Structures are given as structure tokens and as C-alpha cells.
Amino acid sequence: MGEPILSIQDLSVHFFKDKSVVQAVNHLNLQLGVGETLGLVGETGAGKTTTAMSIMNLIPNPPGKIVGGKIMFDGEDVLKKSKRELRKMRGHDISMIFQDPMTSLNPVLTVGDQIAEVIRLHSQVSRAEASIKAQEMLEMVGISGERYGDYPHQFSGGMKQRVVIAIALACNPRLLIADEPTTALDVTIQAQVLEMIADLKHKLNTAMILITHDLGVVAQVCDKVAIMYAGEIVEYGDLSDIYEHASHPYTQGLFGSIPDLDKDTDRLNPIAGLMPDPTNLPKGCSFSPRCPHCTEACKTQDPELREISPGHTVKCLMFQNQEE
Amino acid sequence: MGTANVRISPSLEFGAVKKEGMLRQTWKGLKKNKLAMVGLVLIILLIIMAVFADVIAPYGVDDQDLTQKFQPPSMEHIFGTDDFGRDVFSRVIYGSRYSLAIGACAAILSAAVGMIIGSVAGFYGGKADNILMRLIDIMLAIPSTLLGISIVAALGNGIRNVIIAVAIGAVPAYARIVRASILSVKEQEYIEAARSIGASDLRIIMRHILPNCLAPIIVQITMSVAKAILEASALSFIGLGVQPPSAEWGAMLSAARPYFRSYWWVMTFPGLAIMMIIFGLNLFGDGLRDALDPKLKS
């Protein structure tokens, strides 16, 4: 990995609700190199989307607040940028694909106008030039340019997601954040869309953060994987580290809960228990209440991220104690 | 749908974009709606009446002929004549000019002010919302006719002041409608998406949020033209708006009131004119709402 394009240091995001504080992201560290793809995996509510929104500095405030940390993108702290600089960055340097294509397109604007808008916002081109570029983008994602003047409701879900991808890639961003881009699509379309994202990303040499809870998707597309739990990264490594040497009990649990095609099992093996209440995280390791290897120490001592092999870090006391 | 990497028409020539305009689509939807077309015809009639009043009216607006006073409707004076022998039909025709001017100006003025207030309150929320909406609540607490009366009383008679008075009374309705629509639209994911491509607040409001709130605003505009015409007539009727020698419909009603029991036509026709135009505007407003709804487009 060369110079990192994105480096998140000690990021904490909290949401303040009436009297309680939701600790959505806690002391998160993350690095991403130019052109790399990182899979951010975790359960619903693990803080994946919050992390993504923080990178764009789009956490709704109130109630959300980034309470600590730095997000360095291309050598500059995103959190210290002015509104104008942020607007320049969004859509141009970093862009985002949203989860649900049904709702992430504006129903009263034609798809072409929506693609042209991002082009016109970030480059000095005439309306006509922007519309030509927008048609090229449509062609690039496999939709006929003639459909420029159609409204979103005239497209199917998969095609809408392609339009969203066209918008996201229209300005050749250096970082693409895809927030569960295939969750709302059916499986056959998922494969097409993923293939297309991977293909275009490769062509444009864009770094990407792929947020998902589907480990299969990650294996197909990503170089690096970060497993998130309760606002923290519990395990980080490249594909083989995670898929072949899963070390954190939570990661092992995730893989354990995927049914094996070769074995005939009647029941799935879920991870026992539920995510901890983010307003009241357990003391010590946040996974300890559900961990099959939990010890007394786990309940009081919060483990640190330890590198167990080059580039493979785990946040678990089991590995911390081994070294000592 | 083609597969991801197949270009569907690689030889397609890029050029000027053919796009069916919003107006044309709305018109298509509107044409199917019979009631809306009735409303539109009534509105167009009003506009024609106002523009070509000189040509249409058989008599001058102030032509008095005391020998012909209180003539019942006949071939000569189809709406009859009033207490000065003026032709009621001609006066109703000329009166459309006042109604059109007052209705359109008041609606545009109140829509502009109300939309600004509503947008700011709805979009930014918090303190701005609280301050602006409490002011609107205060205005709502005063009956709009009373508010109109007070404003005209303070500013003086005359068509411009009537427009201002009527417009101010209509602002709260706009502000509330726009605020409510903005609140429902601004949480949509596409607004977040618009932010994520780097659009400014103003752009998000003007280009992404307001067009999505257009349907209720358009309906409100047509309805408020109707309301403005009615209210201006009411002000004129009680002697505060346009003054009696002028052929304003409300002023005509007011002037004819003493003779109503003996000479019904003097008062009936201006009243019918007011009713028809308000009826037309309301029908058209409803039809327009249906035609503008993007969910009903096919």
C-alpha cells in the first residue's frame, strides 16, 4: 500500500438524544490506499453508515456529533474544512452510493438532469456539454443515452442503482463509498451491479469503501476487510487474513453462521445474544457478553488492536495476552 | 435490460437532448380531466374579458343613462341596468380587470413571501423555525378579513393597498404548507444524496425540495387567487377597497345592495361573476394537482 488516500484516526461519533448518548462510533482507526477496496462488514447498527457519513462530514447535527478524531483525506482533515470546501469535495473527490436506489433519486428530475447536475456543480461546463457527458455516463453504466429524459420511476431498481452509480462516478472521484449498494436489489441484479462497480472502479482507479453485511460480496470485490462491532473495528486484514485466519471470536461467529453447502445441517449457528445497547456499552470488551471465550478479564479490560501478523490486526484480549 | 458491461447502443450520436417538457406532460394529464377543463375555460374567459373589455363591452363602463335606469335584463341590456342606468353587463366585464389584477398580484406576492418563510423555517428548523412559525401563528390568530380591514384602514384605500392587505392575509397558509412539505421531503434519501454531491443549501431547496412540494403549492396558488378575489370584493363591499364608482365586483354589490329586493339583477350578476371565477379557479387547481403529481405520470 502506497500513500494512504484516506486515514481515519481515533474517530468517535456520538448521537445525543434527550438524556442518553448513543455511542455510534468509538475510537475508530482506518486506512485506505489509492485504488484499494475495503470491505466494511458488520451487523445492523454497528456504525458502518455513520463512519461513511463522517468521511463526507455529513453527520446530521443535531443530534449527531463527531466528538473526536481526525479524518485525513488526501492530506487534509475533512472535519476542519469549511462548508465551501466540503461542498467542493463532496461528489468530486469523494462520492457515495446509497443503499436504496428507489429513494436516492429525486422523483421530479430526469435521471439525465441528475447526472448533469453533479457535473455542472464541479466543472465549468455549459448545460449542453454536461448533458452530453451525462449521456456518456449513462452509456458507461449500460443504459442507453436516449433515456436521458426519463424520470426515475420509469426505471427498474437495478437500473436506478446504475444511475446512482453514474452520478457517483461522473466526476471521477478518488474515493467511492458504497453503502450497501446491493441490499435493495435481487440477487441476479446484485451480481451485475457488483461486477459493474468493480469494473468501473478498476478502470477509473478509484479507492472504494464497500459497506455491507454480506461476506460473500466482500470476498468477490474487496482487497481489505474490516469487521465492525459496536462502533469499533474488531478485526482488520486482507482477504486471506479474514477468510482463512479469522481470529476474533466475532469474525469466527460471523463465518460460523453462514451455512456450509457441503454439510447437511438443519439449523444455522447464529451468534448468541444481541448487539449491546449503544447508549450503554459494556465495560471492557464490547463483545464480551456474547463471546464464547469470554473471561473475567474481558469484562473489565478493553482490549487494544494488536497486529498478529503483518497487516492483520485483532482487537481481543486473547491475542494481547499471548504477547505478554 | 442489458448486462453490466454491454453498451446498448454504442453508435448512438450524442446531441441535444430530446425531453418531453414538464409543461407538456402536465397539459396531457390536465386535458383528460373534464372538470379541470371547465375551470380552465372559466379562467380563460376571465382573462379574455379583462384583456378585451373595451371590445366586448357594448357600453362604456361609466356611461350613464338615467332614462334607462333599473331596466330588467333584455336584448339591449342583457344583465339589465343599475341605478344610474349603467349597463351591468359592461360593468361586470370591466370588473374582471380588477379581479384579475388583484387576484394574480396578491397570490404571487403572498406565495413568494410565504415560500421564503416556509422554506427557511422547514429547512433549517430549530430557532429559525420557532421564531418564524410563531410569527405566522400570530398572524393566523387574527381573522384574515379583520387583518385585511386593519391593513387597508392603516394604508388607505386603493387597489395597491388592497393587494397588499389580501396578500399578507394569505402568507400564513403558504408558509405552513411549504414548511410541512419541506419537512417531509428533506428527510428523503435523495436530499442526502444531493448533499453528498456537494450541492449548496439554496440549490437543494430550489432544485430538489421545492419541485417536490410543487403540487400543494400550485393548488394553493389557484385557491388563493380565488380567495384573494373574494376577499378583495369583500373589502370593496364594506367600502374599504376599490371605491364604488369603479366597476369592481364587490363595490358593485355594495352599491346595488339597497335595491336588491326590487331590482335583483343589479346585484345578482356581479355576484355570479365572483362565484363563477372562484368555482373555475378551484376546479382548475384540483385538476392541476392531479396532473402535476409525478406519481400519477405514466
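Leaving aside its neighbours within four places in sequence, which residues is Ile115(A) in contact with? There are contacts with Ala134(A), Met137(A) and Leu138(A), and also with Ala166(A), Ile167(A) and Ala170(A). This is a predicted model, and Ile115(A) is a good place to enter it.

**The nonpolar core**

Ile115(A) belongs to the largest nonpolar core, which has 177 residues. Ile115(A) is among the residues with the most contacts inside this core, along with Ala166(A), Val166(B) and Ile229(B). Helix α4 of chain B, residues 88-124, gives the most to this core: 15 residues.

Ile102(B) is found in that helix, α4 of chain B. Is Ile102(B) buried or exposed? Ile102(B) has 28 C-beta neighbours inside 10 Å, so it counts as buried; the cut-off for buried is 20 or more. Beyond its neighbours within four places in sequence, Ile102(B) is in contact with Ile159(B), Val162(B), Ile163(B) and Val166(B). Ala228(B), Ile229(B) and Ala232(B) are also in contact with Ile102(B). Take Ala232(B): it lies 130 residues from Ile102(B) along the chain, yet their C-alpha atoms are separated by 7.3 Å.

**The two chains**

Now for the chains as wholes. The table sets out some overall values.

| Chain | Residues | C-alpha box | Buried | Contacts joining residues at least 24 apart, among those at least 6 apart |
|---|---|---|---|---|
| A | 324 residues | roughly 65 × 50 × 40 Å | 50% | 63% |
| B | 298 residues | roughly 90 × 50 × 25 Å | 44% | 70% |

The secondary structure of chain A comes to eleven helices and twelve strands. Its radius of gyration is 21 Å, close to the 20 Å that the globule rule gives for 324 residues, so chain A is as compact as a globular protein of that length.

Chain B has twelve helices and zero strands. Every element in its run from the N terminus is α. The radius of gyration of chain B is 24 Å, well over the 19 Å that the globule rule gives for 298 residues, so chain B is more spread out than a compact globule.

**The sheet of chain A**

How many strands does the open sheet of chain A have? The sheet has eight strands, with mixed pairing. Their order is β6-β7-β8-β3-β9-β10-β12-β11. The edge strands are β6 (94-97) and β11 (305-309) of chain A, and each pairs on one side only. From one strand to the next, the twist averages 20°.

Helix α5 of chain A, residues 157-169, packs on this sheet. The helix touches β6 and β7 of chain A, and its direction makes about 175° with that of β6(A). Strand β7 (residues 175-179) of chain A runs parallel to strand β8 (residues 207-212) of chain A, and five bridges join them. Opposite Ile177(A) in β8(A) stands Ile209(A).

**A closer look at β9**

Strand β9 of chain A covers residues 224-229, and six of its six residues are buried. Both faces are covered. On one side are Lys224(A), Ala226(A) and Met228(A). On the other are Val225(A), Ile227(A) and Tyr229(A).

Which strands pair with β9(A)? Strand β3 (residues 37-42) of chain A runs parallel to β9(A), joined by five bridges. Strand β10 (residues 232-238) of chain A pairs with β9(A) in the antiparallel sense, over six bridges. Val225(A) has a bridge partner in each of these strands. In β3(A) the partner is Gly39(A), and in β10(A) it is Gly237(A).

β9(A) and β10(A) form a hairpin with two residues between them. In the turn, Ala230(A) has a positive phi of about 50°.

**How confident is the predictor?**

Confidence varies along chain B. The average pLDDT of chain B is 82, and 91% of the residues score at least 70. Among the elements of chain B, helix α5 (residues 126-141) has the highest mean pLDDT, 90. Helix α1 (residues 22-32) of chain B has the lowest, 76. Over residues 1-19 of chain B, pLDDT stays under 50. For that stretch the model has 35 contacts beyond four places in sequence.

For the complex, the predictor gives an ipTM of 0.79 and a pTM of 0.75.

Technical notes
Residues are numbered from 1 along each chain as its sequence is written. Chains are lettered from A and ligands numbered from 1 in the order in which they are written. This is a predicted model: local features need pLDDT of at least 70, side-chain atom pairs count only at pLDDT 80 or more; totals for chains, interfaces and linings use all residues. Helices (H or I, at least four residues) and strands (E, at least two) are DSSP runs, numbered from the N terminus. The radius of gyration is taken over C-alpha atoms; the globule rule is 2.2 Å times the number of residues to the power 0.38. A residue is buried if 20 or more other C-beta atoms lie within 10 Å of its own, exposed if 12 or fewer, and partly exposed in between; C-beta atoms are placed from the backbone. Two residues are in contact if their C-beta atoms, placed from the backbone, lie within 7 Å. Two strands pair if DSSP finds at least two bridges between them. A nonpolar core is a set of buried Ala, Val, Leu, Ile, Met, Phe, Trp, Tyr and Cys residues joined through C-beta atoms within 7 Å. pLDDT is the predictor's confidence in each residue, from 0 to 100. Axes are lines fitted to C-alpha atoms, for helices over the stretch in contact, and angles run from 0 to 180 degrees between N-to-C directions.
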